[in-house]
Each structure stands twice: as structure tokens, then as C-alpha cells.
Amino acid sequence: MTITVIRRAEWVIRWEGGRHVYGRDMDIVFDESGILHIGPGWTGTADTEVSGRGRLIMPGLVNIHCHSGDEPLAKGLFDDTGTPQLWGNALYEFSTLIDSDDDAKSACQTLMLSELLASGVTSCLDIAGDHPSWQPLAAESGMRVWLAPGFRQARWRLTEAKALEYDWDEAAGNDARAAAFQTLDRVAEDGTGRLTGVVAPSQIDTCKPDFLAAALDEARRRGLRLTVHAAQTMAEVTELMRRHGKGPIPLLDEIGVLGPDVILGHGICLDHHPLTRDRTANDLTVLAESRTNIAHCPATFARSGQGMESLGRYLRAGVNLGIGTDTIPFNMLEEMREAIIQSRCRSGDFADVTTADVFTVATTGGATALGREDLGRLYPGAAADIVSVDLGAPSMRPVHDPLRSLVFAAAERAVRDVWVAGRQVLVDGRATGLDTQGALAEIDAAQSRAKRIAENQRGHSFDSIAPRSLETLA
Ligand SMILES: [Zn+2]
């Protein structure tokens with residue numbers, strides 16, 4: 001074991017009395033087994049000494065919802081595009097157009113993991129399709145990664161009138177589920193101690209109720225979490241109402257797919273949301289009482305003008321939430337800023353959530369969702385997942401409150417060094433276990449290939465599918 005000491009850190013966010021608190025001028029001592037000491041004047045031995053002057057030392061962030069598969073390829077394509085008939089969402093008509101081929105998947109995953117590490121993420125839950133480099137790259141990144149191979153029984157299809165239809169293929173669903181469980185068998189053999197499987201039926205509307213319930217049974221048999229997209233759009237809620245006469249949360253409650261081991265992706269369109277037709281407000285109580293977790297991903301939905309009504313209302317109801325970046329940008333600190341600002345704007349209440357609330361959601365909230373009380377907080381005995389922030393970065397200064405400087409102004413520009421399980425995996429902003437430059441060399445050509453496939457599918461040019469933000473003149 002290699003003992004590292006961060007000596008005399010100017011500011012530390014440590015865990016005491018069940019909450020994050022600031023400390024000043026402290027030594028943080030850790031090895032691969034975890035944090036050994038936080039406090040002034042460590043006099044024990046150390047293999048590596050790092051100066052903490054001019055640094056904020058904080059726990060690694062926990063991202064409980066992201067997709068490495070093809071989301072990086074969608075950068076710049078659909079930010080101004082949506083389907084008016086489907087509440088303006090781009091998900092069903094446009095996002096599904098872009099698929100990565102096998103060559104692109106590794107580049108997409110490398111870029112996602114690099115960006116996450118650079119924004120202080122030490123744990124992430126990646127919902128994607130398996131490919132040969134998926135597990136190896138996750139291991140080599142040095143992060144803690146929850147690998148969630150998605151599977152489903154139906155695909156979305158839009159009619160000419162832009163109605164959302166479902167092409168069901170239960171045999172294909174069974175095959176996809178069997179392949180996902182094979183992947184999970186392989187993840188269970190991981191020797192790094194940093195990879196964990198998650199059972200991931202993709203969406204509540206693309207899986208039948210008995211299929212979802214069976215997936216949770218299997219997750220529990222394996223001792224794994226289950227994650228599923230639910231209450232993410234009004235198109236989904238409308239479809240569930242048509243099929244079952246009830247919205248996503250009452251449906252999941254009825255079939256027993258709620259609980260502390262369940263993470264619902266997004267959980268936006270609950271019965272209290274102004275867009276839903278319901279005139280009730282029971283869903284938050286059901287989620288809180290069942291201790292079901294919500295992965296809150298504000299940025300991607302805000303781009304299509306939608307979002308959770310009030311993050312503060314969920315917290316006050318006692319619902320456990322974590323933050324997810326979902327799509328691009330994979331910037332956890334920007335996502336936290338969005339979470340605060342979106343919630344204040346949408347609720348119309350500046351006091352709806354505080355910086356401390358959102359920091360707690362992005363750290364211990366996510367850790368609770370993953371069932372890991374040793375993550376997202378710094379105390380002797382916790383995992384050594386640590387982020388060092390440069391207080392001297394121009395975007396951080398002046399530093400009255402380092403967390404506010406980081407979240408509201410600097411974001412990843414001030415993140416310098418990251419350790420996961422006591423090993424340094426980000427050095428001066430660069431991910432040491434990932435070939436980020438190599439992935440960047442691949443990604444432009446990969447996006448061009450994906451656009452060409454979309455053009456062939458639609459039979460017209462990409463510029464007419466989703467025009468650029470500005471007209472291009474010769
Ligand atoms: Zn998602």
C-alpha cells in the first residue's frame with residue numbers, strides 16, 4: 001500500500017455529523033484501502049507528499065446516469081431541434097438517428113470518461129450497449145464504473161403525423177436480456193474492485209410490466225441495482241396512460257418495481273408536474289416511502305424547454321436523488337449549476353435549493369442510490385476518492401466560498417487532480433489511464449459516418465434534417 005499525504009490543504013470538505021462541512025489547513029492521508037486521517041499535523045509515515053496550499057480538497061462526485069455509447073457523436077446536432085407534436089423533445093425523432101459503429105464506441109466512451117474525470121467525477125453509472133472495449137476501458141480509466149447494459153422489447157417509431165409508435169419484438173427483447181446478463185456475469189468477474197454491474201431495462205415504455213418485474217427479481221438475486229428511464233417525457237406518460245390508465249410511478253408501484261435498489265432515470269413528469277393531466281400529488285410520497293432513487297439530469301431536458309418542477313420539492317418530500325450528466329456535455333459541475341438554476345427558475349423560488357443541497361445530491365445522494373455509504377464523503381474509513389481543486393485558477397478567484405466559486409463560476413477549469421481508491425487518475429487535468437488524444441483523432445470522422453447513415457435513412461441532407469445554427473455562406 002502506498003500512503004499519500006496531501007499536506008496542509010487550505011480548504012477541505014469533510015464529512016462530520018452526517019453532513020459536509022468545511023475544514024481549514026488540514027492534512028488528508030490515504031492509501032488504496034481508504035482514508036486514514038483528516039486533520040492537522042499528520043506525523044505518521046508517507047510515501048508521497050503533495051502540497052495542499054492553494055487547494056480545495058473535496059470528495060469525488062458520483063454521476064448516476066450517463067450514456068457512453070453514442071451521445072458524444074450528437075454534439076452540435078440537435079440542440080435547436082425538437083418534435084413539436086411530442087412536447088418539443090428531440091429524443092424520439094432525432095437522438096435515435098445517431099448511432100455509433102463499433103469503431104466509434106471506444107472513442108465515445110474514452111471522451112465521456114475523460115470529461116467526467118476532469119469535472120471531478122470518481123464514480124459513474126454508464127447505461128450503454130456492450131462492446132469489446134466497454135469493460136476494459138472502464139477498468140483502465142481508473143474510475144469506479146457501474147456498467148449497465150441496456151435491453152428492451154420495443155423500439156420507438158414515429159408515424160408520418162409524428163405520433164409515437166412502438167415496434168414490439170419480444171423474442172429480440174429476450175435475446176437482448178440474455179446478452180445483458182452475460183455481460184453482467186463478466187463484470188462480476190472483474191478483478192479491479194472498481195466495476196459493478198447494473199440491470200438496465202432501458203425504458204418503462206419499451207418494456208412490458210412483467211418483463212420489468214422479472215428484471216428486478218433477477219437484479220435482487222444477483223445483489224445488483226436496477227435502473228430504468230421512467231417519467232422522462234410527456235410522450236411516455238401519455239402512452240402509459242393510454243395502455244394502463246395510470247402514470248409511471250403508480251404503474252411501477254403496482255408491479256413492485258420500486259425500492260432502495262431502484263434508480264429511475266429522470267423522474268420528471270410526476271403527478272404534481274403542471275404538464276401531466278393528473279390532479280393529484282402522490283408520486284413523491286410513494287417514491288419517498290419506497291426509498292426509490294431518482295437520477296436527476298437537468299441540462300439535457302432544459303435544452304428542450306422541459307424539466308423537473310422543483311428539485312427542492314423532491315428533497316423536502318424525502319426522496320433520494322443523485323445527479324447524472326446523461327448526454328453531452330459530460331460536465332458534472334456544470335450539471336450541478338444547472339440543477340440549482342433550473343430548479344430556482346422553474347419553481348419561481350430562489351430559496352428552492354442551496355449549493356449545499358446540490359453538492360449533497362451530487363455526492364452522498366448518488367452514493368446512497370448505488371448503495372455505497374463509503375463514497376461521496378471524506379472521513380477516516382471512507383473510500384479514497386478525492387478531488388483537488390486549484391484555488392488560484394483565475395475562474396475561482398476571489399475565493400470567499402470555494403464550493404460556490406467552483407459550482408457557479410469555475411467548474412472543470414479549476415479541477416487539477418483526482419484520486420480513485422487511493423490511486424491518482426487525473427494529473428493536472430489529464431486522465432492518465434485514457435488515450436483522450438487518440439479518441440479526439442477518431443471522433444470527427446465517426447460523427448461524419450453517423451451523419452451519413454442518418455442521411456441515407458432519411459433520404460435527404462443532414463442540413464435539412466437539423467440545420468446548423470447559422471447559415472453557411474460561401
Ligand atoms: Zn438516459
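I call a residue buried under 20% relative accessible area, exposed over 50% and partly exposed in between (1.4 Å probe, protein chains only). This is a predicted model, where local features need pLDDT of at least 70, side-chain atom pairs count only at pLDDT 80 or more, and totals for chains, interfaces and linings use all residues. Residues are numbered from 1 along each chain as its sequence is written, and side-chain values use heavy atoms, with hydrogens and water left out.

**Entry: zinc site**

I looked up the zinc ion. I take donors as N, O and S atoms within 2.8 Å of the metal (3.2 Å for Na, K and Ca); water is not among the atoms, so sites may look incomplete. I found H65 (NE2), H67 (NE2), H229 (NE2) and D326 (OD) as protein donors, 2.0 to 2.8 Å from the ion. Their spacing along the chain reads H-x1-H-x161-H-x96-D. H65 sits in strand β6 (residues 61-66) and H229 in strand β12 (residues 225-230), so this pair ties together parts 164 residues apart in sequence. Helices (H or I, at least four residues) and strands (E, at least two) are DSSP runs, numbered from the N terminus.

Why is the arrangement irregular? The 4 donor atoms subtend angles of 78 to 171° around the zinc ion, which makes it so. For four donors, tetrahedral needs all angles between 85 and 135 degrees; square planar needs opposite donors over 155 degrees apart and all others between 65 and 115.

I then checked burial. H229 has a relative accessible area of 7%, so I log it as buried. H65 is buried too, at 0%.

**Entry: D352**

I placed D352 in the loop between α10 (332-347) and α11 (355-369). D352 is buried, at 3% relative accessibility. Beyond its neighbours within four places in sequence, D352 has contacts (heavy atoms within 4.5 Å) that include R313, R316 and D357.

**Entry: two domains**

I took the domain bounds from an automatic or database domain assignment. Domain 1 covers 4-59 + 380-429, and domain 2 covers 61-369. Their C-alpha centres lie 30 Å apart. I see 27 residues of domain 1 in contact with 24 of domain 2. About 2000 Å² is buried between them, 70% of it from carbon and sulfur atoms. That area is the accessible area (1.4 Å probe) that two parts lose on being put together, summed over both.

How many salt bridges are there between domain 1 and domain 2? I count 1. A salt bridge is a side-chain nitrogen of Lys or Arg within 4 Å of a carboxyl oxygen of Asp or Glu.

Note on methods. Tetrahedral: all angles 85-135°; square planar, octahedral: opposite > 155°, others 65-115°.
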